[in-house]
Amino acid sequence: MQVDIFTQIIVPVIGGLGIFMLGLEFMSNGIQAVAANRMRSLLAKLAGTPIKGVFAGTIITGVIQSSTAMTVMVVGMVNAGVVGLRPAISVIMGANIGTTLGNGLIALPLGPLGLLLAGFFALIHIFAKSDRTKNIALACMGFSLIFYGLNLMTGGLKPLRAMPEVMSAISTLRADDYVGLLTCVVTAALVTAMIHSSSATIGIVMGLGASGVLDWQTAVAFSLGADLGTTITSWIASLNLSKNAKRAAYAHISFNIIGVMVTIPLFFVSMDVLRFAMGWFGGDPGVPMMVNGKETFPLIPVAIGLYSTFFNIFNTLLLFPFVGVFERVLSRIGHDASEDIEDYSLPKHLAANLRGDLARGVPALRAEIERHLGAGKIYLDIARGLPDAPKDPQPHNVNLGNLSRDIGVFASTLLKPGQPYSQADLVASLIEEADFAESLGETLHQIARRVKSEEFSPAGKNLIEGILDQVSDAMSVVLPSASRTGLSLTAEQRIGGLADLRRQCLRLEGLAPTERASLLAILGSAERIFLLIDRIADERRSVDRDVVIEPAGEVVTGLDPRPATA
């Protein structure tokens, strides 16, 4: 039978692969938009010990279907001090198991029904009014497209069996002995590294197996290589991230390499076990079935999904006792005096067990607000282009936005019906201070963004340096006591100090009109910063913060109380 390579193979295989990967993207984006923040909070609560970390990593990665997102989430928590390195390593172990849940779902024999379901959820996504409904529909649409894309790939790969030259080439890739097994593993690892998706590689292998191009044992060997190749993706993703992100990638690489090295000598024994286990899932994967008059192997995808899950569970059980060893080794990699910039996307002091506890919650809230203010100074480092500062202010701005929301939610738990006015007034004052701190951060972000996005002449850069010096001095007034070196000047006095810089900006010759306008805008931002710093200082004086709040609800001042000033 003559095979039309373009219409019967290239179109369905490339189209199916594209739809398959698009489905993965839609499903991941939709689920993360709906559940990522909740999963992040859940991880912070659960990952207190290595055992809990494995459990949390498995469940959450299985839900959000993105090991990369999981790694970034864990690294951020390590930097923020929310999760220690040891439980973080165990979370990554669990994430390896969680990623295999998607492979098991891919193996479900939904076939062309996926297109119908994808169309149905696409209509919901288009016509839905709420963002939540749209994101849920997007996830379901992606889930459906995965099956339709896999069905297209399987159909496009079946004609390869009628092409002797193709079958002759593929026949050299057979996991019949250890040399063939290693060849299959390395080939699959390289393919996965090139396309940056172990799920896509496993989807292709499932299609080749289901169409009969690969025998079931060779297809399983390819899935083992995909588990190895996906570590390259994690490593590449960590190249521009922090040292802890690189350590997390190294942990991922180490787990899978060790697991593959241990599994390869046991591979053929495990195939006998897998063949026996498949008796519970439909029978021998190597026995063909007739579907629509064509010979197919629908149990091979099931065998691949089952083996991939078994491999990662076995790997985790094998390496879990050595979490402490991994922690000690990884903590030494790349360690120097200048450790990573702290991640401010999560609170450091606002523990869940402090919510609603006024006596312990108020000091924690004050510490977190000061931490937020301290994070604002990083914008000045970004504007100056310091080597240890982030290159782009936008990610830092997103992190501070998340931190501001967490501060607001925590503060609201300290307000209770019927509590004494003095307590409510104290919490309200802290809420207002947090709001001023958020506005201060936004204004500092405006300065950093403008400095980084526009070109300035040497004279303009000198003016900017002068503005940043004055802002930095003013910031020290509201930062923790160890950093308070600024003069006690009012906002009006500080704004007067900018007058000379403003005159220079207006009188300097050789400045382009756009540069002059940008410098004036930065001066205006500096004025707003001085006013906000004054408001924060006034708010701190408006209520006596140095009080002891008894559990019974009484506010007891010290022996020599400082009277509150209006």
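Tutor: Before we start, one definition: a residue is exposed when its relative accessible area is over 50%, and buried when it is under 20%. Keep in mind that this is a predicted model.

Student: Okay, then is Glu-509 buried or exposed?

Tutor: Let's find Glu-509 first: it sits in the loop between α20 and α21. Its relative accessible area is 77%. The cut-off for that upper class is over 50%, so Glu-509 counts as exposed.

Student: How far apart are the C-alpha atoms of Glu-509 and Ala-459?

Tutor: Along the chain, these two residues are 50 residues apart. In space, the gap between their C-alpha atoms is 9.5 Å.

Student: And Leu-224, is that buried or exposed?

Tutor: Leu-224 belongs to helix α10, which covers residues 216–237. Its relative accessibility is 0%. Anything under 20% falls in the lower class, so Leu-224 is buried.

Student: Which residues does Leu-224 touch, leaving aside neighbours within four places in sequence?

Tutor: Leu-224 has partners from several places along the chain, so let's list them by number. With those neighbours left aside, the contacts are Val-185, Val-260, Thr-263, Ile-264, Phe-267, Tyr-307 and Phe-311.

Student: Let's zoom out. What share of the chain's residues is buried?

Tutor: The chain has 21 helices and four strands. It runs to 566 residues, and the buried part of them is 47%.

Student: Which helix gives the most to the largest nonpolar core?

Tutor: That core has 58 residues, and Leu-365, Ile-369 and Val-471 are among those with the most contacts inside it. Six helices each supply at least two of its residues: α15, α16, α17, α18, α20 and α21. With twelve residues, the top contributor is α15.

Student: How many residues are in the other core, the one with Leu-181?

Tutor: This core lies apart from the largest one. Its members include Leu-181, Ile-202, Met-278 and Leu-299, and its size is 31 residues.

Student: How are α18 and α20 arranged, roughly parallel or roughly antiparallel?

Tutor: Their axes are 10 Å apart, and the helices pack at about 165°. Angles over 145 degrees go in one class, and therefore α18 and α20 are roughly antiparallel.

Student: Is the crossing of α18 and α20 left-handed or right-handed, and how many charged residues are in the contact?

Tutor: α18 passes α20 in a left-handed crossing. The contact is made by Leu-463, Gly-466, Ile-467 and Gln-470 of α18 with Leu-501, Gln-504 and Cys-505 of α20. By class, that gives four nonpolar and three polar residues, and the charged ones come to none.

Student: What about α12 and α13, why do they count as oblique?

Tutor: α12 is residues 267–277 and α13 is residues 299–319, and their axes come within 11 Å. They cross at roughly 120°. That angle lies outside the parallel, antiparallel and perpendicular ranges, so α12 and α13 are oblique.

Student: How many nonpolar residues does the contact of α12 with α13 have?

Tutor: On the α12 side are Phe-267, Ser-270, Met-271, Leu-274 and Ala-277, and on the α13 side are Ala-303, Leu-306 and Tyr-307. None of them is charged and one is polar, which leaves the nonpolar ones at seven.

Definitions and conventions:
Residues numbered from 1 in each chain as written. Predicted model: local features only at pLDDT ≥ 70, side-chain atom pairs only at ≥ 80, totals over all residues. Heavy atoms only, no water. Core = buried A, V, L, I, M, F, W, Y, C linked by side-chain atoms within 4.5 Å. Buried < 20%, exposed > 50% of the residue type's maximum accessible area, 1.4 Å probe, protein only. Axes fitted to C-alpha atoms, helices over the stretch in contact; angles between N-to-C directions. Parallel < 35°, antiparallel > 145°, perpendicular 65-115°, else oblique. Contact = heavy atoms within 4.5 Å. Nonpolar A, V, L, I, M, F, W, Y, C, P; charged D, E, K, R; others polar. Left-handed = near helix turned anticlockwise from the far one by under 90°.
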